[in-house]
Structures are given as structure tokens and as C-alpha cells.
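Colleague: I should be grateful for a close look at a single part of this structure, followed by an account of how other parts of the chain are arranged. Please write for a student in the first year.

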Amino acid sequence: MSLNMETLSTFAKTQGFVYQGSEIYGGLANTWDYGPLGVELKNALKAAWWQRFVQEQRNVVGLDSAILMNPKTWEASGHIGGFSDPLIDCKACKSRHRADHLIERFDASIQADGMSEAQMSELIQTHRIPCPKCGKFDYTPIRQFDLMFKTQLGVLDDKAQTIYLRPETAQGIFVNFKNIQRTSRMKVPFGVAQIGKSFRNEITPGNFIFRTREFEQLELEFFCEPGSEMQWFDYFKQASKQFLIDLGLREEHLSLADHPVEKLSHYSNATTDIEYQFAWGFDELWGIASRTDYDLKQHQAFSQEDMSYQDPQTNEKYLPYVIEPSLGLDRLFLAVLHEAYHEEALSEVDTRTVLKLHPFIAPYQVAVFPLVKKKHRDEAFTLLDQLAKRFRVTYDEAGNIGRRYRRQDAIGTPFVVTIDDQTLEQQTVTLRDRDSMDQITLPITELMTYLDQKTRF
Ligand code: GAP
């Protein structure tokens, strides 16, 4: 089924997944608020990632570092002065473009990312690449646009220090490498995982929640012995892809795009993007980079702190190499919603919208319905309260049962439990499955175990 962003964003809004940010004031461009269902889905995605990449790993621990960091961090990491995008304006219609995107959109066979300003200018001139918005050829020169958001520390303007909102969570992990290694007594190879907000003053945000200025990252920095990094790089490529497949993304909608050597960042000796087939085509979902010892080396030089690791067996001291799988939560959210959204024809006259989400991440995992409001409500509330201790639950008593099923289908609730006369007489419930729409009868005593097994990740 071909799905466009308009349909998906309208659906996301009407169901309470994602609203436009500050909507009552006319919005703030490209900011989004996650509504009651959105926050549940987001939290569940974080829980799935944490479970897979921290909890189930013997050699990965977590961190929650501060968003605001000493500005020296960003000098060391190369972000100050080096984290910018090439910007070009159309003088005719005043639209703004990333120069590399302008070229790549004009000719997909050209890889402009990583080219110098002069190379890009020459290409734009030679091909007289027209403005994609108005078709004219009348541009400003290319300028570098700083992606870091600045703010101030301190109350007095003249004494205030410029600090930055972090553009990635990764540096919080690198600066804590020694703290974590010492306190958790981890031996290389080991990893540190972190989930948190990052901020980039993107020139061309867009495609709904795909590229925004405020977003959440799920990052893992895996420290290993130099020379072993390619083995771990391959491991994380596979493990990351498998995680997406286990969440329900179909393999044919995923592709691994290796960065050609000439396009690698200065700190990387191998990088692959896991791309997902979004409505507009394959695009980056998860970046997996082999970052060598670049970050630890830089922080060692700038802080004068010894960042090396001493192997307890050989006593050899070295700076570990790093493999970094870095995933955008908002992009994962979009991919999952994309994959799950179905409009199904049930007969010639009947259709249903159904979100086929993995039961672990569905905003509500179980809905409880009383068949007849007045007669079955007390029993339904009793069961709802019990289930709520273990699952994300919801309750609906409004309208006929068919309508209520459709409402749950549309928000992805995998199981509906209905309380009826049989419940009162024989302590059984009817359990309806979202995807097959089959119904089974279960003794209440077996319900918890059944749902527990079906909602695991
Ligand atoms: N620490 C490495 C790093 O930040 P990145 O490729 O710039 O690498 C990693 O970002 C991931 O973060 C991307 O693959 C994407 O999923 C997400 N991401 C980056 N910029 C984003 C933006 N402006 N909006 C939403 N997600 C973004």
C-alpha cells in the first residue's frame, strides 16, 4: 500500500499520537508534541531498545548525562567550527536549500555530501541547477550554517558564557568513559547506552517528525580493542537490523547503505546507515559508525585527563576504539507507524483502519469492554484494575461492540477482553485478536499468563 505523509500525519493527530507544537499560537515550525498515545508508543520503543541493548547484554551499562555540557566538550569533539551545513538561498523566491541536497536532488548519481564549497558551487554553475521551488537560477553564494543551538549560562548578559544545547548524546558518554569504567568495573569490550534529547538548528527540517530541530536519540558507544572494531561493527549492523525486524519492520523495507570511503567523516573508518523505506523512499533511520579512538583522543588532549584503558591481563595501556550505533527515536516512531498502518477491506462495503503494532509497543496492550454497560461494568472495572498492574490498558463502554473493536483496531490495541454473562456465571472472558479478528474464550485465571506471553519482546 502506498501511504503518504499527509495521511499519516493527519491520522497521528486525530488519534492523539502527534500534534503540532504550540498549535494554539499558530505553531512553531517543525516542532511536534507527542499526545497520550504517542508518549506511550515512544516510551515503549525506548523500553524495547533498552531491554535489547542494555538489559540483555552482559557488557553494556546505561547513562543519563546532562544536556548542557562544558563548551570545551564541543571544541574537542570538533562540533564548534565544524558542525555546519552548506546553505544556499534562491534570491528569486527566497527559499533556502542545503547545497548538497540541491545537487543530489538534481542528479541522484552525484554524491555531494562531503564536497567542498567550491566543488558544489562549480557543479551548481555548470549544470545551472534550477531552484526546485520556482525554477529560476539566481542564488546567493554558499555559506556554512552552524547547526549548534547557543544559549547563555549566567544571569548577567555581559558576563554570561555561551553554552550549547547538545547536538548528540554521544559526547556525554565519552567524557564519562573513565568514571563509568572505574565505577562499574567494566572490562573492554563494553558499551555505554544513553537515551536523550538532542538539538540541531537544521536548515531544512521536514517530512513530519523525520527531521526536526529537537529530537531524541538512542545511542550506544561500544569500546573495544583496536583491531577488533570491524568484528564489532558487523555485529552491531546485524543486531540493529534484527531489532528493527523483531519490532515488525519488514526486511524488504530496510537496506544497509555503506558510506563510500571518500565520504567517511574524518573520525570514522567505516559507517553504514540502516535505511527504511519511508513514503518518499529509502532514507536514514540508524547510523552505525566505527569512530576509531578519535573522541577519547580528543578529550584526552583537550582535558589533559588520561582517557586510556589498562588491560588487566597484559597491563597494556591503550585508547579503546569505538563502534557507535546511533538511532533517532522520532524516526523509529515514524517508521513503526508507517509499517503498522493498514486500511483493510473487510467486505465490498466495509473497511477498517488497523495499526498492526507489535503487542510490546502498542500504546494500549489490552482493552476491557463490558458487553452491556449496566450489567457488566463492575466486573469489567475489577479486571481492568488487575490488568493495569501489569499491562497498558484502556476501557471502552460507549456504543456497540463492533464500533468499539474498530476504535481499538485503529490505535493498535492487540487484545480486547469482553466481560459478558458467561464471565459472571463461569468466570470466562472473550478475548479478541486485533489482526486475525478471531475470538476465543478463556478462563479469567489464565488471562494474565496468556497476555504476558503474547506481549513479550
Ligand atoms: N552521535 C552520532 C550522531 O549523532 P547522526 O547520524 O548525526 O550521528 C544519528 O545522528 C541518528 O539521529 C540519525 O540516524 C537519525 O536517526 C537521528 N537524527 C539525526 N538528526 C536528526 C534530526 N534533525 N531529526 C530527527 N532525527 C535525527
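Modeller: Setting aside neighbours up to four places away in sequence, His376 touches Pro370, Leu371, Ile419, Asp420, Asp421 and Leu424 in this predicted model. One of these partners, Asp421, is also joined to His376 by a polar contact between the two side chains, at 2.9 Å. His376 itself belongs to helix α11, which covers residues 373-388. The relative accessibility of His376 is 1%, so the residue counts as buried, the limit for that class being under 20%.

The wider setting comes from the domain assignment, which divides the protein chain into domain 1 (5-69 + 165-338), domain 2 (86-146) and domain 3 (364-454). Between domain 1 and domain 3, the C-alpha centres are 37 Å apart. The contact between these two domains involves six residues of domain 1 and four residues of domain 3.

The size of an interface is often expressed as the accessible area that is lost when the parts come together. For domain 1 and domain 3 this buried area is about 450 Å², with 67% of it on carbon and sulfur atoms. On the side of domain 1, the residues that lose the most area to domain 3 are Gln15, Leu37 and Glu40, which together account for 65% of what that side buries. Helix α2 (residues 36-55) gives the most to this side of domain 1, with three residues. Sorted by class, the side of domain 1 that touches domain 3 consists of four nonpolar residues, one polar residue and one charged residue.

Which kinds of polar link cross this interface? The rule finds zero salt bridges between domain 1 and domain 3. It likewise finds zero residue pairs in polar contact across that interface, when both residues must have pLDDT of 80 or more.

A further residue, Leu337, may be described in the same manner. Leu337 lies in helix α10, which spans residues 329-340. With a relative accessible area of 0%, Leu337 is buried. Beyond the residues up to four places away in sequence, Leu337 is in contact with Leu8, Ala12, Phe17, Leu41 and Leu355. Leu337 and Ser9 are 328 residues apart along the chain, yet their C-alpha atoms are separated by 10.0 Å.

Methods: Residues are numbered from 1 along each chain as its sequence is written. This is a predicted model: local features need pLDDT of at least 70, side-chain atom pairs count only at pLDDT 80 or more; totals for chains, interfaces and linings use all residues. Side-chain values use heavy atoms; hydrogens and water are left out. Helices (H or I, at least four residues) and strands (E, at least two) are DSSP runs, numbered from the N terminus. Buried means under 20% relative accessible area, exposed over 50%, partly exposed in between (1.4 Å probe, protein chains only). Contact means heavy atoms within 4.5 Å. Domain bounds come from an automatic or database domain assignment. Buried area is the accessible area (1.4 Å probe) that two parts lose on being put together, summed over both. A salt bridge is a side-chain nitrogen of Lys or Arg within 4 Å of a carboxyl oxygen of Asp or Glu. A polar contact is a pair of N or O atoms within 3.5 Å; within protein, one must be able to donate a hydrogen and the other to accept it, and residues adjacent in sequence count only if both atoms are side-chain atoms. Ala, Val, Leu, Ile, Met, Phe, Trp, Tyr, Cys and Pro count as nonpolar, Asp, Glu, Lys and Arg as charged, and the others, Gly among them, as polar.
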